[in-house]
Every structure is written in C-alpha cells, then in structure tokens.
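User: I'm new to this structure and would love a close look at how its helices pack against one another. Could you start with how far the model can be trusted, and then walk me through the packing?

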Amino acid sequence: MVAFSQTPWSRYGVRCISLPARSHPSTNRVEQELAKLRSFDSSTFASIEAICSRLSGLVDLYTCVNEVLNLPLTQQALASHRREIWVQELVDGSVRFLDICDNTRDAVLVMKESIRELQSAIRRSKYEDSGIDNTIAAYICLRKRIRHESLKKSLASLRQMDYTLGASPPLQLENEVTAAVIRILREASSVTSSVFNSLLWFLAVPVQWRSKPSRWALVSRLVQKGAMRRNNKTERMNELENLEMAIEKLRFGSWSRDAEGKEKIEGIVRERLLGLDSSIEKIERGTEGLFRELIHTRVSLLNIITE
C-alpha cells in the first residue's frame with residue numbers, strides 16, 4: 001500500500017490513512033514532494049535562493065497532484081462528495097491561488113523591467129547626469145506602488161485562506177480514498193500558502209527611502225544598520241534591501257570627493273543589480289510554471305464537481 005504518513009505540523013485533523021495498492025504511483029510522489037517542501041526554511045525572511053527552490057518544488061508538487069486528480073478512482077471519490085463544504089473550499093482555494101500567482105507574476109515582470117532599466121542607466125551614464133537620478137526615482141516609486149497596490153492584497157488573501165483552512169473541522173470519512181485525497185490537497189494548500197508568503201514578503205519588503213539626508217545623518221544610518229546586523233543575528237536584509245541601501249549610498253554620497261570610493265560603490269550597485277536580475281528571472285520562470293499547473297488543478301476540480 002502507498003502510505004500517506006501523518007505529519008505533526010498538519011493543522012487540519014484528517015486521519016492517517018493509505019491509498020489502495022492499485023492506486024497510481026503519483027500518490028507516493030505527492031508525499032515525497034510535500035516532504036521536500038516541508039524541509040525548507042519557511043521563514044518570511046528566506047533567501048532568494050531558498051524561495052526559488054521552493055517555487056520549483058511547488059511546480060513539481062502540483063504536477064503530481066494533477067496526476068492524482070486525473071485518476072478515475074480520485075474523480076469518483078471527489079464526485080461523490082461534490083456538495084460537501086470541504087470540496088467547495090478546495091475549489092475556492094484554487095481560484096485564490098491562481099489570482100495570487102497571477103498578481104505575483106505581473107509584479108515580478110514589472111520589477112524585472114525596472115531593474116534592467118536601472119542597469120542600463122548606470123552603464124551608459126555618469127552618476128552626475130540627471131537621467132540616472134530619474135531612473136532611480138522611478139524604480140523606488142514602482143517598488144512602493146507594487147507593494148501597496150498588489151502584494152499587500154495578495155498577502156491579505158493568503159491570511160484569509162489560512163484562517164478558512166485552519167477553521168475547517170476535522171474530517172471523519174469512512175472512504176479511505178476520499179480522506180487521502182482531501183488530506184493531500186489540504187496539505188498542498190498549506191505548503192503553497194507558505195511558499196507564497198515567503199515570496200510576497202520578499203518582494204514587498206518596505207522601501208526605506210527618504211529625502212536627501214545630511215552627510216552625518218547618512219553615516220549614522222549606515223552605522224546603525226551595521227550595528228544591528230552585528231548585535232542581532234536574527235536581523236537579516238534580503239537582496240532587495242541590500243541593493244537599495246547601496247543605491248542610497250551612491251545617490252546621497254555625492255558629498256564625498258573620493259573618486260575611488262565612488263567607483264567602488266558603483267561597482268557594488270552594478271553587481272547587486274546583476275545578481276538580483278538573475279534571481280528575479282528565476283522567480284519569473286517559477287511563477288510561470290506554477291501558474292500553468294494551478295490552471296490544470298483548477299480545471300480538474302471543476303470537471304470533477306460539474307460532471
């Protein structure tokens with residue numbers, strides 16, 4: 001028999017069961033992919049490499065989930081309970097995840113274009129030219145707009161989904177196949193919410209940007225941030241924060257007459273932009289692949305409950 005192990009982190013109270021031996025090998029792969037995703041750091045301050053790895057794992061998970069949903073045994077089990085509220089919760093959740101993924105894709109695409117414009121402006125202009133100032137200002141405005149208009153809405157939607165799933169009563173189903181399918185779909189939803197939460201918090205990191213400070217105010221801010229990182233090991237800055245800190249130092253460090261120092265910070269900005277561009281492209285590919293799989297999940301669930 002292909003067993004689905006009971007996991008201590010599960011919040012939904014579905015009994016530990018197993019699928020019959022005649023079920024598809026995809027059921028075992030679903031459990032394996034869930035285990036891989038649960039092994040990742042679920043911190044909202046996860047690195048971009050970890051986020052990309054979890055996105056890739058989520059695509060693999062839904063590939064297997066969709067194979068399970070296409071099994072006749074699974075379709076029969078869910079169809080017999082199509083009017084149950086927990087089936088409708090899964091269908092509604094599939095719509096919300098699609099919306100969140102679509103909003104995230106749009107935000108990532110716009111951000112990637114803005115990062116590349118900033119790269120181009122730094123390459124072709126000296127910092128004293130007003131063009132780069134305008135490009136930096138446009139980048140910061142864009143980041144703020146994405147944070148407030150798109151990402152906050154998606155985070156609120158995730159919180160609502162977590163509340164709904166967490167409030168769902170434990171299932172006491174006699175049909176082992178139905179219980180197993182519902183459990184893995186709920187666990188997939190929980191893991192998906194966790195991955196999106198990490199990704200959205202990464203993209204929605206607050207933009208710490210002010211009007212031009214005095215020389216000593218800028219020095220004080222940089223020293224304070226450095227002290228915080230030294231004195232508190234849990235204080236971490238993600239790649240977006242690191243980039244914007246370097247941009248701010250470049251933009252407001254014009255009081256310095258040290259040409260060598262200025263060239264050094266320009267090199268740091270270029271390096272961080274290049275790294276962020278590569279990472280954002282990975283996130284873009286991950287969200288594109290996940291969106292396709294989520295569409296398949298949505299279509300499969302609709303077909304099951306409407307036929």
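Analyst: Among the elements of the protein chain, helix H2 (residues 48-69) has the highest mean pLDDT, 93, and strand E1 (residues 2-3) the lowest, 34. Here pLDDT is the predictor's confidence in each residue, from 0 to 100, while helices (H or I, at least four residues) and strands (E, at least two) are DSSP runs, numbered from the N terminus. Over residues 1-22 the pLDDT is below 50, and this stretch has 63 contacts in the model beyond near neighbours in sequence; a contact means heavy atoms within 4.5 Å. Residues 213-235 also have a pLDDT below 50, with 17 contacts beyond near neighbours in sequence. For the protein chain, the mean pLDDT is 77, and 73% of residues reach 70 or more.

This is a predicted model, so local features need pLDDT of at least 70 and side-chain atom pairs count only at pLDDT 80 or more, whereas totals for chains, interfaces and linings use all residues. Residues are numbered from 1 along each chain as its sequence is written, and side-chain values use heavy atoms, with hydrogens and water left out.

Now to the packing. Helix H4 (residues 85-124) and helix H6 (residues 176-203) pack at an angle of about 25°, their axes 11 Å apart. Axes are lines fitted to C-alpha atoms, for helices over the stretch in contact, and angles run from 0 to 180 degrees between N-to-C directions. That angle makes H4 roughly parallel to H6 (angles under 35 degrees count as roughly parallel, over 145 as roughly antiparallel, 65 to 115 as roughly perpendicular and the rest as oblique).

Which residues make the contact? On H4 they include Trp 86, Leu 90, Phe 97 and Met 111, and on H6 they include Ile 182, Leu 185, Phe 196 and Leu 203. By class, 13 residues of this contact are nonpolar, five polar and two charged. Ala, Val, Leu, Ile, Met, Phe, Trp, Tyr, Cys and Pro count as nonpolar, Asp, Glu, Lys and Arg as charged, and the others, Gly among them, as polar.

There is an aromatic detail here too. A search of the whole structure finds one aromatic pair. The rings of Phe 97 and Phe 196 have centres 6.1 Å apart and planes at 25°, so the pair is stacked (rings of Phe, Tyr and Trp, its six-membered ring, pair if their centres lie within 6.5 Å; planes under 30 degrees apart count as stacked, over 60 as edge-to-face and the rest as tilted). Phe 97 in H4 and Phe 196 in H6 are 99 residues apart, linking distant parts of the chain.
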